[in-house]
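Colleague: I've got a chain open on my screen and I'd like to talk it through with you. Can you take my questions one at a time?

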Amino acid sequence: MKTDRKRRTARREFLLAAGGIAAGIALDSAAAPPPARAAASLASAEATQRAMEKITRGKPVNKGKVRLELPELVDNGNAVPLAVRVESPMTPTDYVKAIHVFTQKNPLPEVASFRLGPRAGRASVATRIRLADTQTVTAICELSDGSFWSGSADVVVTIAACLEEL
């Protein structure tokens with residue numbers, strides 16, 4: 001009988017110690033700051049501005065001629081439909097050379113680039129992009145005369161994409 005009592009006590013002490021260790025680990029991990037997420041490494045407005053300046057090579061960007069078509073509210077940021085249209089006659093002397101799409105809160109600010117020429121017929125592109133959060137999407141187009149034009153649109157994203165680490 002005495003050995004049974006000693007075993008029970010030893011077993012109880014073991015279970016209490018194991019439970020205490022497990023609780024300590026759980027409390028320690030709960031008190032620790034959350035793990036670094038991609039949200040911490042999202043592109044900032046400054047990074048987006050630098051990416052735009054790299055494309056424009058410091059030339060001024062005019063507002064207008066570029067129209068972005070994307071939904072104002074998106075349930076899921078994994079596949080957001082985007083269309084960009086540019087007012088241009090698309091003749092051999094006056095055409096759109098490139099369209100670049102930028103975001104402010106994705107891990108990489110430049111989302112897409114499209115090269116066009118006068119034989120494209122019309123200056124419009126359509127695709128789907130991923131958006132990490134509610135943000136402003138900007139498109140810049142380069143014309144054959146070397147000028148740059150831009151347009152932008154705001155998008156509200158309820159379920160973010162781009163959350164994996166780079």
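What follows is a short exchange about the fold, two loop residues, the cores, one helix and a pocket.

Colleague: Before anything else, what kind of model is this, and in what order do the elements of the chain run?
Modeller: It's a predicted model, so keep that in mind throughout. The secondary structure comes to 2 helices and 9 strands. Read from the N terminus, the order is α-α-β-β-β-β-β-β-β-β-β.

Colleague: What share of the contacts with a separation of 6 or more is between residues 24 or more positions apart?
Modeller: The chain has 166 residues, and 34% of them are buried. About 10700 Å² is exposed, with carbon and sulfur atoms supplying 56% of that area. As for the contacts you ask about, the share is 67%.

Colleague: Is Met 90 buried or exposed?
Modeller: Met 90 sits in the loop between strand 4 (80-86) and strand 5 (96-103). Beyond its sequence neighbours, Met 90 touches a set of residues that includes Tyr 95, Val 96, Leu 116, Pro 118 and Ala 123. Its C-alpha is 7.4 Å from that of Arg 119, which is 29 residues away along the chain. The relative accessibility of Met 90 is 6%, and the cut-off is 20%, so Met 90 counts as buried.

Colleague: And what is the phi of Met 90?
Modeller: Most residues other than glycine have a negative phi. Met 90 isn't a glycine, yet its phi is positive, at about 55°.

Colleague: Which residue with a positive phi follows helix 2, and is that residue buried or exposed?
Modeller: Look at the loop between helix 2 (45-56) and strand 1 (61-63), where Arg 57 is placed. Arg 57 comes after helix 2 and has a phi near 55°. Its relative accessible area is 53%, and the line for exposed is drawn at over 50%. So the residue is Arg 57, and Arg 57 is exposed.

Colleague: Which elements give two or more residues to the largest nonpolar core?
Modeller: That core has 27 residues, and among those with the most contacts inside it are Val 66, Leu 70, Val 84 and Cys 141. The elements you want are strand 2 (66-69), strand 4, strand 5, strand 7 (124-129), strand 8 (135-143) and strand 9 (148-159).

Colleague: How many residues does the second core have?
Modeller: This one is separate from the largest core. Ala 51, Met 52, Ile 140 and Phe 148 are included in it. The count is 6 residues.

Colleague: What covers the buried residues of helix 2?
Modeller: Helix 2 has 12 residues and spans 16 Å from its first C-alpha to its last, close to the 16 Å expected. Its buried residues are Ala 47, Thr 48, Ala 51, Met 52, Ile 55 and Thr 56. Their cover includes strand 1, strand 5, strand 6 (110-115), strand 8 and strand 9.

Colleague: Which element gives the most to the lining of the largest pocket?
Modeller: The largest pocket holds about 290 Å³ of space. It is lined by 16 residues, with Gln 49, Met 52, Lys 63, Thr 138 and Ile 140 nearest its centre. At least two lining residues each come from helix 2, strand 1, strand 8 and strand 9. With 6 residues, the one giving the most is helix 2.

Technical notes
Residues are numbered from 1 along each chain as its sequence is written. This is a predicted model: local features need pLDDT of at least 70, side-chain atom pairs count only at pLDDT 80 or more; totals for chains, interfaces and linings use all residues. Side-chain values use heavy atoms; hydrogens and water are left out. Helices (H or I, at least four residues) and strands (E, at least two) are DSSP runs, numbered from the N terminus. Buried means under 20% relative accessible area, exposed over 50%, partly exposed in between (1.4 Å probe, protein chains only). Contact means heavy atoms within 4.5 Å. Accessible areas come from the Shrake-Rupley method with a 1.4 Å probe; for residues, only the protein chains shown count as cover. A nonpolar core is a set of buried Ala, Val, Leu, Ile, Met, Phe, Trp, Tyr and Cys residues joined through side-chain atoms within 4.5 Å. The expected span of a helix is 1.5 Å times one less than its number of residues. On a 1 Å grid over the protein atoms alone, a cavity is a set of points where a 1.4 Å probe fits but cannot get out, and a pocket is an open set with protein on both sides within 12 Å along at least five of seven lines; lining residues have an atom within 4 Å of a point. Grid points are joined across faces, edges and corners, and a volume is the space filled by probe spheres set on the points. Lists of a residue's contacts leave out its neighbours within four places in sequence.
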